[in-house]
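Biologist: I would like to know how each label is earned. Please set the value against the definition each time.

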Amino acid sequence: MPSDTGLRPLQIGWYGLGAMGYFMAGNIAISRNPHSATSSRILVYNCTIFKAAKLVKETGVSTAKIASSPAHLATECGVIFTNLANDVAVQSVYDQFTKALSETPPTNAKIFVDTSTTYPALVGDIDRLLSSFPHCHFVACPVFGPTMAADAGKLVIEMNGDYRSRREVAYLMIPDVCRKVINLCGNIEKAPTLKLIGNGMIMGANELLAETLTLGEKSGIEAQTVYGLVKEIMPAPSLIAYGERMVNVRFDGSNDSAIDLGIKYSMHIRRMTAELNCPLPAKVAGTQKWDIIDWGAMIAGSRVAAGLDPFDSSKVRDPSHNWT
């Protein structure tokens, strides 16, 4: 689908080069044809310039360059993506964008696309804020998948917002960033709501998986055996991935699925269920051993409750139980 800008090169901007954003921005940069009349280098910005410089070096100076500021993205780009860690960061960045738009009112179409996981009400607030500027549209576009999927361009994304803007964004993201788009209509807050529902499902499945592996060990059945059963009867990708981490004590979350994000999601889900009067009991547990701990470490809570060492299966179990 051609850009609405016709033959004028579509300038894409990206703010936020964390664990997910780095790969997503890189894939878009690589997918752009620098020799095309309707393409130009992607502008990237990050709070730490090191990540932006690294991306430009890896993708090549012909495909990406560093923006001087958030205002530079807001005023120079036709499509601006954001991928940020939390609601506070999202609010702060969009405040900077709107300040720039106030000082330099747009004369051409602009699409702002947030791929972060936020509370639904914040998305509604940003949509209303950007809609007050001429030619500006907002697309809520949270993503599903681990960093490996982001690197491989195999994410699943949700979209809600202006129809033509969604089509433009989908054209930019498929197939280099994502493998599937789930389109939602109506209230733009549906996209982040569905994202939280999905995160809640994954967290609940992880809790059940942790309890199942712990029950097996307390019963004298090795975790690998129980994990093998899980792979046979419930081979969901998330269960297989997190089960492998739980069984092999791979809880370094520095590159993927840090548990602080899980705690953020849990808080959002609890708030949402309270507002909707739809109780969904959930628990997030973790014991700090790594600098950044993985979601899979929630098994520590189940193991401690069962009288086992939180992480080490080789250590002595509950002395009140006869294991011979």
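Modeller: We can start with a residue pair: Phe144 stands opposite Val156 in β8.

Biologist: What makes β7 and β8 count as paired?

Modeller: Two strands pair if DSSP finds at least two bridges between them. Strand β7 (residues 143-144) and β8 have 2 bridges, in the antiparallel sense, so the rule is met. Strands here are DSSP runs of E, at least two residues, and helices are runs of H or I, at least four, both numbered from the N terminus. This is a predicted model, in which local features need pLDDT of at least 70 and side-chain atom pairs pLDDT 80 or more, while totals for chains, interfaces and linings use all residues. Residues are numbered from 1 along each chain as its sequence is written, and side-chain values use heavy atoms, without hydrogens and water.

Biologist: Which strand joins β8 through 5 bridges?

Modeller: Strand β9 (residues 178-183) does, and the two run parallel. Within that pairing, Met159 stands opposite Asn183 in β9. Strand β6 (residues 136-140) also pairs with β8, in the antiparallel sense over 2 bridges. There, Ala140 has Asn160 as its bridge partner in β8.

Biologist: Why is the unit of β8, α7 and β9 called right-handed?

Modeller: A crossover is right-handed if, with the strands pointing away from the viewer, the path from the first strand over the helix to the second runs clockwise. The unit made by β8, helix α7 (residues 163-173) and β9 is a right-handed β-α-β unit. So is the one made by β5, helix α5 (residues 120-131) and β6. Strand β5 (residues 110-114) is joined to β6 by 5 bridges and runs parallel to it.

Biologist: Why is β6 described as largely enclosed by the rest of the structure?

Modeller: Because 4 of the 5 residues of β6 are buried. Buried means under 20% relative accessible area, exposed over 50%, and partly exposed in between (1.4 Å probe, protein chains only). Cys136 has 5%, so it is buried.

Biologist: How many residues of β8 are buried?

Modeller: In β8 (residues 155-161), 7 of its 7 residues are buried. Leu155, Ile157, Met159 and Gly161 point one way, whereas Val156, Glu158 and Asn160 point the other way. Helix α1 (residues 21-31) is mostly covered too, with 8 of its 11 residues buried.

Biologist: What makes a group of residues a nonpolar core?

Modeller: The members are buried Ala, Val, Leu, Ile, Met, Phe, Trp, Tyr and Cys residues joined through side-chain atoms within 4.5 Å. The largest such core has 35 residues, and Trp14, Met24, Phe81, Leu155, Met159 and Met173 touch the most other members. Its largest share, 5 residues, comes from α1. Another core, of 27 residues, lies apart from it and includes Tyr94, Phe97, Ala100 and Ile188.

Biologist: How do you know that Cys178 and Cys141 form no bond?

Modeller: A disulfide is a pair of cysteine sulfur atoms within 2.5 Å. The sulfur of Cys178 is 7.2 Å from its closest cysteine sulfur, in Cys141, so it is too far for a bond. A search of the whole structure finds 0 disulfides. Cys178 is itself buried, with a relative accessible area of 1%.
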